[in-house]
Amino acid sequence: MKLTVIGCLGGYPYKGQGTTSFLLQSEGFNLLLDAGSGSLIQLENEISPLALDAVILSHYHPDHIADVGVLQHYWQLFPKTEERPVLPIYGHGEDQENFARLSLPNVSEGHDYLGVEQLNLGPFSVTFMKTIHPVVCYAMRFVENSTGKIFVFTGDSGYLETFVDFARDADLFLADTYLFAGNEKHIAHFTSKEAGEISREAGVKKLVLTHLPQQGDLEQLRLEASQAAKDELPVELAAIGKTFEI
Ligand code: ZN
């Protein structure tokens, strides 16, 4: 599978860069993972938004869903040369008000993954874990069925010990790392140190830091995570347009 960074800032867009969104592709299946601010414009540099097979959302904070509405408009208004399928958008139903917005007649349909033990989504099997965050958020573990390769995305989360099992043996661990070391046990986000420690304990093969802060030295953030992982695995920063073969 291939992961492409569409947006990787946390909280708000800054200096031309948008917030959380990733394109996950396998066997011709195109999945948009979160749809933060600016994601639709950047997505167009990779594929036509009309080529998406599905969208999946970790939670309903604006920096993860800001472009869902305009994506629906794109599907609704772009001139049709043939009948367009309804776009499936997967989200959790614990917040019914936001979940209801995922459905637009003849355009998109919300699918609730709440309580689903394993979601079969195109070439992937997906499992979920509730995170520590001010609103309900789910981390996701994707297994590519044809290869057994594992990709784990934290969504947004403060430190949670169960991530060690959830991220176990991941080929790529994409971790919300909004905070520098020294701010551990935050109510909403990992620190670099926590991302690194979890990765090492979980036997992760590669750590990618995302939900990046607008302020501060990102290379320092990366070094802190790498040191916490005792330099046992590669640690990279997400950056718009960057791709990872998993
Ligand atoms: Zn959030």
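Strands here are DSSP runs of E, at least two residues long, numbered from the N terminus. Ser26, for one, has its place in strand β2. Keep in mind as you look around that this is a predicted model. There are three things to find your way by: a zinc ion with four protein donors, an open sheet of seven strands that runs from β6 to β14 in its order, and another open sheet of seven strands that runs from β7 to β13.

**The zinc site**

- Four residues hand donor atoms to the zinc ion: His59 through NE2, His61 through ND1, His133 through NE2 and Asp156 through OD, lying 2.2 to 2.3 Å from the metal.
- Along the chain, the donor residues follow the spacing H-x1-H-x71-H-x22-D.
- His59 sits in the loop between β4 (54-56) and α2 (62-65), while Asp156 sits in the loop between β10 (150-153) and α5 (163-166), so this pair ties together parts that are 97 residues apart in sequence.
- Are His59 and Asp156 buried or exposed? Both of them are buried.
- The angles subtended by the four donor atoms run from 86 to 171°, and that makes the arrangement irregular. To count as tetrahedral, four donors would need all their angles between 85 and 135 degrees.

**The sheet from β6 to β14**

- Reading across this open sheet, the order is β6-β5-β4-β3-β2-β1-β14, and the pairing is mixed.
- Its edges are β6 (108-112) and β14 (243-245), each of which pairs on one side only.
- From one strand to the next, the twist averages 20°.
- Look in the sheet for β2 (residues 21-26) and β3 (residues 29-35): they run antiparallel and are joined by six bridges. Gln25 has Asn30 in β3 as its bridge partner.
- Helix α3 (residues 68-77) lies across β3, β4, β5 (87-91) and β6, and it runs at about 165° to β5.

**Ser26, up close**

- Back in β2, Ser26 is buried, because its relative accessible area is 4% and the cut-off for buried is under 20%.
- Which side chain does the side chain of Ser26 make a polar contact with? That would be the side chain of Glu144, at 2.7 Å.
- If you skip neighbours within four places in sequence, Ser26 is in contact with Met1, Pro123, Phe124 and Glu144.

**The sheet from β7 to β13**

- This open sheet goes β7-β8-β9-β10-β11-β12-β13, again with mixed pairing.
- The edge strands are β7 (119-121) and β13, and each pairs on one side only.
- On average, neighbouring strands of this sheet are turned by 20° against each other, direction ignored.
- At one end of the order, β12 and β13 run parallel, with three bridges joining them. Leu209 stands opposite Leu237 in β13.
- Helix α7 packs on this sheet, where it touches β12 and β13, and its direction makes about 160° with that of β13.

**Helix α7**

- α7 covers residues 218-228, and its buried residues are Leu221, Glu224, Ala225, Ser226 and Ala228.
- What covers those buried residues includes α6 (192-202), β12 (207-210) and β13 (235-237).
- The N-terminal end of α7 is capped by Asp217: one of its side-chain oxygens lies 2.9 Å from the backbone nitrogen of Glu219.
- After α7 comes Lys230, which has a positive phi near 55°.

Technical notes: Residues numbered from 1 in each chain as written. Predicted model: local features only at pLDDT ≥ 70, side-chain atom pairs only at ≥ 80, totals over all residues. Heavy atoms only, no water. Donors = N, O, S within 2.8 Å, 3.2 Å for Na, K, Ca; no water. Tetrahedral: all angles 85-135°; square planar, octahedral: opposite > 155°, others 65-115°. Helix = DSSP H or I, 4+ residues; strand = E, 2+ residues; numbered from the N terminus. Buried < 20%, exposed > 50% of the residue type's maximum accessible area, 1.4 Å probe, protein only. Pairing = 2+ DSSP bridges. Axes fitted to C-alpha atoms, helices over the stretch in contact; angles between N-to-C directions. Contact = heavy atoms within 4.5 Å. Polar contact = N/O pair within 3.5 Å; in protein donor to acceptor, adjacent residues only side chain to side chain.
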